[in-house]
Amino acid sequence: MLILGVLETGHGLLSHNAHAKLLSEELFFAQEEKYRNKVLPVDMKNRLVIEAASPFGWHDIAGLEGNVIGMERFGASAPGPVLMEAFGFSVENVVDKAIQ
């Protein structure tokens, strides 16, 4: 998502009393388990991961009850904003998925 989309999504989540955390998968898993559990407590079940590339590996962070929005296929051709909308990266879709 573009930075403005991320900010808009954050504001949309706050209006539903939901919270967001931005993680780097590589850096997150390089940390000690104690730190990872502090950032994403094990009792936090409603997790939504957004990856504008392959979602491979992110399901571990989303957990069994979480959801992942990611690029499951490649080869589509259109302007970036059109593709982002078509693949579910719109602010509205992300907020809807997060509050489900």
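**Confidence by element.** I started with pLDDT, since this is a predicted model. Among the elements of the chain, H1 comes out with the lowest mean, 75. Helix H3, residues 33-39, has the highest, at 93. For the chain as a whole I noted an average pLDDT of 85, and 96% of the residues score at least 70.

**Largest pocket.** Next I looked up the space in the largest pocket and got about 810 Å³. I count 26 residues in its lining. Ala20, Lys21, Leu22, Leu48 and Ile50 are the ones closest to the pocket's centre.

Which elements give two or more residues to that lining? I found helix H1 (3-14), strand E1 (48-51) and helix H6 (91-99). H1 gives the most, five residues. Worth a margin note for myself: this top contributor to the lining is also the element with the lowest mean pLDDT.

I then sorted the lining by residue class: 19 nonpolar, four polar and three charged.

**Aromatics.** How many aromatic pairs does the structure hold? I got one. The partners are Phe28 and Phe29, with 5.5 Å centre to centre and 75° between the planes. I logged the pair as edge-to-face, because the angle is over 60 degrees.

Are Phe28 and Phe29 buried or exposed? Phe28 has a relative accessible area of 7%, so I put Phe28 down as buried, the cut-off being under 20%. Phe29 is at 37% relative accessibility, and therefore I entered Phe29 as partly exposed, between the 20% and 50% limits.

Note on methods:
Residues numbered from 1 in each chain as written. Predicted model: local features only at pLDDT ≥ 70, side-chain atom pairs only at ≥ 80, totals over all residues. Heavy atoms only, no water. 1 Å grid on protein atoms, 1.4 Å probe; cavity = no way out; pocket = protein on both sides within 12 Å on 5 of 7 lines; lining within 4 Å. Points joined across faces, edges and corners; volume = space filled by probe spheres on them. Helix = DSSP H or I, 4+ residues; strand = E, 2+ residues; numbered from the N terminus. Nonpolar A, V, L, I, M, F, W, Y, C, P; charged D, E, K, R; others polar. pLDDT = per-residue confidence, 0-100. Phe/Tyr/Trp six-rings, centres within 6.5 Å; stacked < 30°, edge-to-face > 60°. Buried < 20%, exposed > 50% of the residue type's maximum accessible area, 1.4 Å probe, protein only.
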